[in-house]
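Colleague: I would like to go through a model and learn how to read its features one at a time. Could we begin with confidence and then move to side chains and backbone?

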Amino acid sequence: MSSFSPGFQGRTHRFEGRLPPGQYPTESFPVLSAGPTPQVRTEDWSFTVTAEDGRTCRWDWDAMIALPQEDVTVDIHCVTRWSKFDTAWRGVSLDTLLASVETAADFAVARSEGGYTTNLPLADLQEGKAWLVHTYDGYQLSPEHGGPVRLLVPHLYFWKSAKWVTGLTLTPQNEPGFWESVGYHDYGDPWREQRAWSD
């Protein structure tokens with residue numbers, strides 16, 4: 001019995017070497033959230049990076065859109081075992097934003113509307129590994145997928161790509177976020193199947 005979704009049967013060779021263990025490919029884009037979907041207007045949105053000494057850098061929508069934009073095509077992998085290939089996004093590299101911040105921190109906590117948080121090593125947000133994205137597949141990112149802006153960290157399980165993101169808090173120590181505090185893995189590498197703390 002095949003573990004692949006019907007839309008990919010007979011064509012899985014296209015993705016050889018790109019499907020992490022325990023995952024199945026899908027052409028859909030499942031919507032998973034821990035709570036209700038916020039409806040955030042672009043004119044009300046802002047993103048703030050807070051360094052460990054309390055200093056902040058803030059961008060509103062217009063300031064973020066004025067920064068250099070990148071088109072990114074990546075595979076994404078959800079901890080619930082689906083993977084979606086060649087997803088197309090547009091946004092701002094975290095390298096661009098973090099260049100404005102003086103920090104010696106090793107970790108970051110991403111913060112979102114509704115109080116959601118997730119933790120990441122700061123190194124995983126640098127060197128072309130992460131973006132703030134506002135466009136998916138050529139269209140403004142919809143609220144159910146994290147619009148107006150979400151974090152995109154495609155090399156980790158997708159819960160690390162926080163929806164409705166509003167800021168980063170940089171910290172010298174690791175501080176587990178929402179899902180990490182209830183048993184999800186602290187790092188979340190899909191290639192090592194780091195789903196739970198025990199993995």
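Modeller: We will take confidence, salt bridges, nonpolar cores, backbone geometry and one buried charge in turn.

Colleague: What is the mean pLDDT of the chain, and where does pLDDT stay under 50?

Modeller: This is a predicted model, and pLDDT is the predictor's confidence in each residue. The chain has a mean pLDDT of 92, with 92% of its residues at 70 or more. Over residues 1-10 pLDDT stays under 50, and for that stretch the model has 15 contacts beyond four places in sequence.

Colleague: How many salt bridges does the model have?

Modeller: The general idea is a distance rule: a side-chain nitrogen of Lys or Arg within 4 Å of a carboxyl oxygen of Asp or Glu. By that rule the count is 10 salt bridges. One of them joins Arg 18 to Asp 86, with 2.8 Å between the closest N and O atoms.

Colleague: Which parts of the chain does the pair Arg 18 and Asp 86 tie together?

Modeller: Arg 18 sits in the segment before strand 1 (24-25) and Asp 86 in strand 5 (residues 82-93), so the salt bridge links parts 68 residues apart in sequence. Both ends are partly exposed: Arg 18 has a relative accessibility of 25%, and Asp 86 has a relative accessible area of 42%.

Colleague: What are the closest N and O distances for Arg 41 with Glu 43, and for Glu 193 with Arg 195?

Modeller: For Arg 41 and Glu 43 the closest N and O atoms are 3.4 Å apart. Glu 43 is exposed, at 56% relative accessible area. In the salt bridge between Glu 193 and Arg 195 the closest N and O atoms are 3.2 Å apart. There, Glu 193 is partly exposed at 28%, whereas Arg 195 is buried at 11%.

Colleague: Which residues are joined into one network by salt bridges that share partners?

Modeller: The network consists of Arg 18, Asp 75 and Asp 86.

Colleague: Now the interior. Which residues of the largest nonpolar core touch the most other members?

Modeller: A core in this sense is a set of buried nonpolar residues joined through side-chain atoms within 4.5 Å. The largest one has 35 residues, and those touching the most other members are Phe 47, Leu 94, Leu 125, Leu 132, Leu 151 and Leu 168. Two or more residues come from each of strand 2 (46-50), strand 3 (56-60), helix 1 (61-66), helix 2 (94-98), strand 6 (107-112) and strand 11 (165-171).

Colleague: Which residues does Phe 47 touch?

Modeller: Leaving out residues up to four places away in sequence, Phe 47 touches Cys 57, Arg 58, Trp 59, Leu 97, Leu 132, Val 165, Thr 166, Gly 167 and Leu 168. A second, separate core has 13 residues, among them Val 74, Trp 131, Leu 141 and Phe 158.

Colleague: How does Ala 63 lie relative to Phe 47?

Modeller: Ala 63 is in helix 1 and is partly exposed, with a relative accessible area of 29%. The C-alpha atoms of Ala 63 and Phe 47 are 9.9 Å apart, for two residues separated by 16 places along the chain.

Colleague: What should I look for in the backbone?

Modeller: Most residues other than glycine have a negative phi, and most peptide bonds are trans, so departures deserve a look. Here the peptide bond from Gly 147 to Pro 148 is cis, with omega near 15°. Pro 148 lies in the loop between strand 9 (139-140) and strand 10 (150-152).

Colleague: Where is Glu 127, and what is its phi?

Modeller: Glu 127 has a positive phi, near 60°. Glu 127 is located in the loop between strand 7 (117-121) and strand 8 (131-136), and it is exposed at 68% relative accessibility. Glu 193, from the salt bridge with Arg 195, also has a positive phi, near 50°. Glu 193 is in the segment after strand 11.

Colleague: Last, Asp 124. Which side chain of opposite charge is nearest, and with which side chain does Asp 124 make a polar contact?

Modeller: Buried means under 20% relative accessible area. Asp 124 is buried yet has no salt bridge, the nearest side chain of opposite charge being Lys 129 at 4.9 Å. The side chain of Asp 124 does make a polar contact, at 2.7 Å, with the side chain of His 155. Asp 124 is in the loop between strand 7 and strand 8. Apart from neighbours within four places in sequence, Asp 124 is in contact with Lys 129, Ala 130, Val 153, His 155 and Tyr 187.

Methods. Residues numbered from 1 in each chain as written. Predicted model: local features only at pLDDT ≥ 70, side-chain atom pairs only at ≥ 80, totals over all residues. Heavy atoms only, no water. Helix = DSSP H or I, 4+ residues; strand = E, 2+ residues; numbered from the N terminus. Buried < 20%, exposed > 50% of the residue type's maximum accessible area, 1.4 Å probe, protein only. Contact = heavy atoms within 4.5 Å. pLDDT = per-residue confidence, 0-100. Lys, Arg positive; Asp, Glu negative; His and termini not counted. Polar contact = N/O pair within 3.5 Å; in protein donor to acceptor, adjacent residues only side chain to side chain.
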